[in-house]
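Q: I am new to this structure and would like a close look at one part of it. Please take me through that part step by step, in plain terms.

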Amino acid sequence: SKALTSRISSTLPKRGSTAGGTDIVITGSGFGNHAVKISVEICGIPCAVTSVDPGKVECKTGYHGPTDETRTGICTVELTRSDNGRGTPSTYPVSYTHLTLPTKRIV
């Protein structure tokens, strides 16, 4: 079975909450049409894939924990498209910042 390679050209947005839940749009090529064949990690944290088409993948960030110096700034988005667990990761260095956002109080 031939390894499947995807290419990432951009990711938006460039920041999100450490609590997770930020919707990320990854654009590029070679993503295919099946979410089960795509996995994404941002800064080493899984990003749950919600939508896939050949030129765009959408995912929702996971819980990142408290912000500290080792988990902010430049980090890597890694996207892997695979069949039967085989595939070549496509990595993209981006400036992605995790922010600790204040909790909204309902009055």
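The part I have in mind is the pairing of β4 with β5. In what sense do these two strands pair, and over how many bridges? Please go on from there to what surrounds them.

A: The model is a predicted one. In it, β4 and β5 run antiparallel to each other and are paired over three bridges. Within this pairing, Glu41 faces Pro46 of β5. The two strands make a hairpin, with two residues between them. Cys43 sits in that turn and has a positive phi of about 55°. In residue numbers, β4 covers 38–42 and β5 covers 45–53.

β5 also pairs with β6, again in the antiparallel sense, here over six bridges. These two strands form a hairpin as well, with two residues between them. In this pairing Val49 stands opposite Cys59 of β6.

Cys59 takes part in a further link between the two strands. A disulfide connects it to Cys47, with an S to S distance of 2.1 Å. The structure holds one disulfide. In general terms, such a link is a covalent bond between the sulfur atoms of two cysteines. Cys47 belongs to β5 and Cys59 to β6, so the bond ties together parts that lie 12 residues apart in sequence. The torsion about the S-S bond is about 90°, so the disulfide is right-handed. Both cysteines are buried.

β6 spans residues 56–61, and charged side chains on this strand form salt bridges. A search of the whole structure finds two of them. As a rule, side chains of opposite charge can pair when their charged atoms come close. One salt bridge joins the side chains of Lys60 and Asp23, at 2.8 Å from N to O. Lys60 is in β6 while Asp23 is in β3 (residues 23–29), so this pair links distant parts of the chain, 37 residues apart. Lys60 is partly exposed, its relative accessible area being 35%. The other salt bridge is between the side chains of Glu58 and Lys56, at 3.3 Å from N to O. Glu58 is partly exposed at 26% relative accessibility, and Lys56 is partly exposed at 31%.

The strands also contribute to a nonpolar core. In soluble globular proteins, nonpolar side chains tend to be buried together. The largest nonpolar core here has 14 residues, and those touching the most other members are Ile26, Phe31, Ile38, Val40, Ile42, Val57 and Leu79. At least two residues of this core come from each of β3, β4, β5, β6 and β7 (74–81). Val57 gives a view of the surroundings. Leaving aside neighbours within four places in sequence, Val57 is in contact with Ile24, Val25, Ile26, Phe31, Ile38, Val40, Val49, Ser51, Val52 and Leu79.

Last comes the loop between β3 and β4, where Asn33 is found. Asn33 counts as exposed, at 51% relative accessibility. Not counting residues up to four places away in sequence, Asn33 touches Val52, Asp53 and Pro54. Between Asn33 and Ser51 the C-alpha to C-alpha distance is 8.6 Å, and the two are 18 residues apart in sequence.

How values were computed:
Residues numbered from 1 in each chain as written. Predicted model: local features only at pLDDT ≥ 70, side-chain atom pairs only at ≥ 80, totals over all residues. Heavy atoms only, no water. Salt bridge = Lys/Arg side-chain N within 4 Å of Asp/Glu carboxyl O. Helix = DSSP H or I, 4+ residues; strand = E, 2+ residues; numbered from the N terminus. Buried < 20%, exposed > 50% of the residue type's maximum accessible area, 1.4 Å probe, protein only. Core = buried A, V, L, I, M, F, W, Y, C linked by side-chain atoms within 4.5 Å. Contact = heavy atoms within 4.5 Å. Disulfide = S-S within 2.5 Å. Pairing = 2+ DSSP bridges.
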